[in-house]
Amino acid sequence: MSYKETWQKFCQKLNKVMKMSEEKNTHEDAHENIEKEIEQEEDSLENSLEDELKEEKNKFLRLYAEFENFKKRSRKEREDLIFLANESLLLDLLPVLDDFERAMKEIEKSEDKGLIDGVKLIQNKFKETLNKKHLKIMEIKAGDDFDADKHEAITQIPAPDDSMKGKIIDVVETGYILGEKIIRYPKVVVGK
């Protein structure tokens, strides 16, 4: 073989080796690129899954909060309904309580101690039962300031002295509160 032919074969082999080397680098680069793309896809998928999880968690928390609010509203509505039913019944019983008070005033004039104690016992039991249903007496007395939002003035009379002007002189009918609501305003006489 001549020097020239040998050189050409060498150059051909060198070209082949270089091509193979380039192909190898290309394959390695391609492999690296594919791995990077896979990692990026995995990261992207992981991020999107985390975002979806956060979104679903937020939806769940909102739904849970709405359900808790619904339970509270339902409980409040049920309590209000019971309270309203109690209010109607208690309003019907207030005249009976007034009759008890009037009867006690008359019975106390009697000298029969057994009668007085017996009626007081029944009256106290009745009041306790009404207290269990959240009915409370509005505590007012002669000399308190008149408040049109809390009292019902049935008449005005001349005040016995100047200090009683605009004040309650007498309580004609007791007022009652059911929970936080006034269900019957006390009827009072006011000094002018």
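**View 1. P186 is a buried residue, with a relative accessible area of 0%.** Welcome to this predicted model; our tour starts at a proline in a loop. P186 sits between β5 and β6, the latter spanning residues 187-191. Look also for A153: along the chain it is 33 residues away from P186, yet the C-alpha atoms of the two are separated by 8.3 Å. P186 counts as buried because its relative accessible area of 0% falls under the 20% cut-off.

**View 2. The whole chain is built from two helices and six strands.** Step back for a moment to see how the pieces follow one another. Starting at the N terminus, the order of elements is α-α-β-β-β-β-β-β. Of the 192 residues in the chain, 17% are buried.

**View 3. Strands β4 and β5 form a hairpin.** Here you can follow β4, residues 176-178, and β5, residues 181-184, as they run antiparallel and are joined by three bridges. Across the pair, L178 of β4 faces K181 in β5. Two residues lie between the strands, and G179 in the turn shows a positive phi of about 70°.

**View 4. A patch of negative charge gathers on the surface.** Its members are E39, D43, E46, E50, D51 and E52. Take E50 as your guide: this residue belongs to helix α1, which covers residues 3-107. E50 is partly exposed, at a relative accessible area of 37%.

**View 5. E55 and K59 make a salt bridge within helix α1.** How far apart are the closest N and O atoms of E55 and K59? They are 3.8 Å apart. The two residues are four positions apart in the helix, about one turn. Both partners are partly exposed: E55 has a relative accessible area of 45%, and K59 has 41%.

**View 6. Two further salt bridges pair K109 with E106 and D162 with K165.** In the K109 pair, the closest N and O atoms are 3.2 Å apart, and K109 is exposed at 61% relative accessible area. In the D162 pair, the corresponding separation is 3.5 Å. D162 is exposed, with a relative accessible area of 61%, whereas K165 is partly exposed at 49%.

**View 7. Four charged residues are linked in a network of salt bridges.** To find this network, look for D98, E173, R184 and K187. R184 falls within β5, while K187 falls within β6. Across the structure, there are 13 salt bridges.

Note on methods
Residues numbered from 1 in each chain as written. Predicted model: local features only at pLDDT ≥ 70, side-chain atom pairs only at ≥ 80, totals over all residues. Heavy atoms only, no water. Pairing = 2+ DSSP bridges. Patch = residues over 30% accessible without salt bridge, like charges linked within 9 Å, V, L, I, M, F, W, Y side chains within 5 Å. Areas by Shrake-Rupley, 256 points an atom, 1.4 Å probe, with all protein chains shown as cover. Salt bridge = Lys/Arg side-chain N within 4 Å of Asp/Glu carboxyl O. Lys, Arg positive; Asp, Glu negative; His and termini not counted. Charge placed at Lys NZ, Arg CZ, Asp CG, Glu CD. Buried < 20%, exposed > 50% of the residue type's maximum accessible area, 1.4 Å probe, protein only.
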